[in-house]
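Visitor: Hi! Could you walk me through this structure? I'd like to start with charged pairs.
Guide: Happy to. Let's bring it up.

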Amino acid sequence: HRGTLFPYTTLFRSSIKLVKQLEYVSNKNYDDIVLFTDAWDVVCIGDCKTLYERYLSFNKDIVFGAEKECSPDRDKRNLYKNQNVPFPYLNSGFFIGKAGVIKKYLETYDGEKINDQKWWTAIYLENQDIIGLDSNAIMALQTWNTDDKNYHFQDNIFTYTETNTNPIFIHANGHIKDKINLFTSLLQNGGYEKDKAYVISPNPNTNFETNFSVYFLKKLDAA
């Protein structure tokens, strides 16, 4: 059973992401697994079942993508418990977890205009026993400040060689989006079978800060 991704894409500013995330999880069951990603700067490779299994391996209620830069607050670096990993710092452009737990945190959002990554970082730093980070790019690779030499395509498999992992999502995070062009080019030129990869909402006219996608991973454990 491969599972199915159910996309729901909308546009809104960074702080409104928090409102929309709460809106989405509010009608889900507590233990439903929900995945949020940024949108057109993301490539999805692989299947739901593998993603779900990797999520379970963290033994955390929520797992966020992780990146090499502590953004937007560099002064928060020393608050992270484990910095001796390839990707130490939270990136809110990818996270997966139980709808009920996500809802519990989002219900504390007071409507302040704030960068969603800044807000989720504060939540994470207070709850590192419940929330995990994908610090080895097992589920998602955040490409900012990574080296192209570590991108390896062979036999229809993408490997990020620094961690020797095969991430399912590739997110060209940051304000420079050249890497998404690199990945889409590799895919379009035959790096992947056509039905095994896709770019989420590849719209060049979309504002980087307002494009967002959410998925509901449905009945994955019924395989």
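Guide: This is a predicted model. One charged pair to look at is D73 with K76, a salt bridge whose closest N and O atoms are 4.0 Å apart.

Visitor: Is D73 buried or exposed?
Guide: D73 counts as buried because its relative accessibility is 19% and the cut-off for buried is under 20%. Its partner K76 has 27% relative accessibility, so K76 counts as partly exposed.

Visitor: And which residues do shared salt-bridge partners join into one network?
Guide: D31, D61 and K98 are joined that way.

Visitor: How many salt bridges are there by this rule?
Guide: The count comes to 10. Among them is the one between K68 and E162, with 3.1 Å between the closest N and O atoms.

Visitor: Where do K68 and E162 sit in the chain?
Guide: They link distant parts, 94 residues apart. K68 is in the loop between β4 and β5, while E162 is in the loop between β9 and β10. E162 has 37% relative accessibility, so it counts as partly exposed.

Visitor: What about R74, which residue does its side chain meet in a salt bridge?
Guide: That would be E69, at 3.1 Å from N to O. R74 counts as partly exposed at 46% relative accessibility, and E69 counts as partly exposed at 21%.

Visitor: Switching topic: how many residues of helix α3 are buried?
Guide: 6 of its 8 residues are, so the helix, residues 99–106, is mostly covered. The buried ones are A99, G100, V101, I102, Y105 and L106.

Visitor: What do those pack against?
Guide: Helices α1 and α4, plus strands β2, β4, β5 and β6.

Terms used: Residues numbered from 1 in each chain as written. Predicted model: local features only at pLDDT ≥ 70, side-chain atom pairs only at ≥ 80, totals over all residues. Heavy atoms only, no water. Buried < 20%, exposed > 50% of the residue type's maximum accessible area, 1.4 Å probe, protein only. Helix = DSSP H or I, 4+ residues; strand = E, 2+ residues; numbered from the N terminus. Contact = heavy atoms within 4.5 Å.
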